[in-house]
Each structure stands twice: as C-alpha cells, then as structure tokens.
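Open the model in a viewer and keep the selection panel at hand. The stops below go from a single residue to a sheet and then to the cores.

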Amino acid sequence: MSPSTVRAWERKGLIRPERGTGRHRRYAAADIDRLRDVQSLLGRGYSAPALREMLSGDDAPEDALVGARLRHARTKRGLSLRRAAELATLSPSYLSLIERGLAEPSVSMLQQVAAAYGGTLLEFFGAGGATHASKLVRRTERRRLRGFDRVEIEDLVTFPSAVLEVNIFTVAPGAGSGGDYAHEGEEAIFALDGELDVWLDSSEHYHIVAGDTLYFASTQRHRWVNQSSAPARLFWVNTPPTF
C-alpha cells in the first residue's frame, strides 16, 4: 500500500506506530499485522469508525463466543494459528481476529475452517439443543449456530450416524455466504419464505422464491445472498453433513 494510505489510517486512529526522534514513525511487527488486518477488514466492507472500535480491544462483540470455540477446536487438534490459517487458506492475522471476536466471520470462511479441521460448523460452534442422539428432535431442542453475517442455522437432526444434514437457514436482508465454497456431496434448498439468489461456479445464477427447490452437486463452487428487503427461511439438506 502507499505511504499516504498508511498515514491516512493513522489519522483515523486505525494504527498507532511509535514515534522516534524527529517524529519518525517506527513500525514493529505488530504494526504490520495491524495494517494487514485493517486492509482485510476494509476490503470486507467495514467502516473506519467500526474498525477503530473493533481493533481497540475495549468491547468485543457478542459473537466472541464463536471465536472462542474456533480457538478451542484449533488447539484441541494441536494446530498452531499459522498452520490452521494455511489449511483454511486464510491469513493468520485474520484468523486471529476471528478467534478474538474482533471480526465477524462469514459462512464460507467458517465452512473452510471446519473442512480444514475435519468437522462441521455445528459440531464446533452450535449452541444449545439436545446433547444426546435422538430420532426425535423437539422444536426447543434444536441446536442453533449464530455469530456470523446475519445468518442463523438451525440443526434439525442430532443423530450422530445420520448421512443427511437437515437445517433451516434464516438469512437476513443483505446477508449471505460471504464468498463461494465447495465440498463433497450434494444438496437441495427448499425456500420456505422469502427469496435467495444462488450462483454455481460463477456461471449459473438461480433466483429462488417461496415454494421453489434448487438441487446441485456440492462440488460446484457456490455462493448465495438475500438481495430482498425481507428475511429468507430455507429448508436446506446436505449429504454428507457439512454444516
């Protein structure tokens, strides 16, 4: 990046390098990491004021619990931050922000991490719900995954040997996967309410509304977003389990 950009970020309070003699700025390794973090988060659409608050470390957002679980899953597998980021094709600085609850992860990013760690999102981060194998799951027993880009996932099946993963996704207006991803298997989406736009391999585009069903091979890179002004609720089935 250009020196003028670095100076502009300093004026906005996004970085705070030490000042040496003659007012020269001295950038330590931590400052370089901070620059990378700022560059990544600005690219994801965060505003400078929001970044300043996030990076101050004073008030972590409520979804810090997701980051704590992510860190627990990594350390349980004996992975360093750098190795985990390499496996998930993320930068170590960005993964660190996620683990500390200072950045909001996307669905696609968490799916990459779960695949790299050899598990599913609900296994790592799902909260509440039944903790035992059951063929019957009551409405109050569903596990729910929250804490990223205005998408909630409800797990409808808790049986450990199930080869189908059955979920209800609730996607707020403007929310989505936050990028494309691919994995083994196949999946189907049935729109219960609202609308959703889905892209497959960046060459196929489908706009689905309530009552529509979309089926595709999960090996196609896929991304999705709710471009409407109302929430979308989707009955989503994967095999093998992905989320």
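In which helix is Glu99 found? Select residues 92-99: this is helix H6, and Glu99 belongs to it. Keep in mind that the model is predicted.

Is Glu99 buried or exposed? Its relative accessible area is 5%, and the cut-off for buried is under 20%, so Glu99 counts as buried. Now show its surroundings. Leaving aside residues up to four places away in sequence, Glu99 touches Gly67, Ala68, Leu70, Arg71, Arg74 and Leu81.

Next, the sheet. Colour its strands in the order S3-S4-S5-S11-S6-S9: this is an open sheet of 6 strands with antiparallel pairing. Strand S3 (143-145) and strand S9 (213-217) are at the edges; each has a single partner strand, so one side of each lacks a neighbour in the sheet. From one strand to the next, the twist averages 20°.

Stay at the S9 edge and select strand S6, residues 186-193. S6 and S9 pair in the antiparallel sense over 5 bridges. Within this pair, Ile189 stands opposite Leu214 in S9.

Ile189 also leads to the next stop. It is one of the residues that touch the most other members of the largest nonpolar core, together with Val151, Phe169, Trp224 and Leu234; this core has 20 residues. To display the elements that give it two or more residues, select strand S4 (151-155), strand S5 (165-171), S6, strand S7 (195-200), S9 and strand S11 (232-239).

The last stop is another core, which lies apart from the largest one and has 18 residues. Select Leu79, Ala84, Ala88 and Tyr117, which are among them.

Technical notes
Residues are numbered from 1 along each chain as its sequence is written. This is a predicted model: local features need pLDDT of at least 70, side-chain atom pairs count only at pLDDT 80 or more; totals for chains, interfaces and linings use all residues. Side-chain values use heavy atoms; hydrogens and water are left out. Two strands pair if DSSP finds at least two bridges between them. Helices (H or I, at least four residues) and strands (E, at least two) are DSSP runs, numbered from the N terminus. Axes are lines fitted to C-alpha atoms, for helices over the stretch in contact, and angles run from 0 to 180 degrees between N-to-C directions. Buried means under 20% relative accessible area, exposed over 50%, partly exposed in between (1.4 Å probe, protein chains only). Contact means heavy atoms within 4.5 Å. A nonpolar core is a set of buried Ala, Val, Leu, Ile, Met, Phe, Trp, Tyr and Cys residues joined through side-chain atoms within 4.5 Å.
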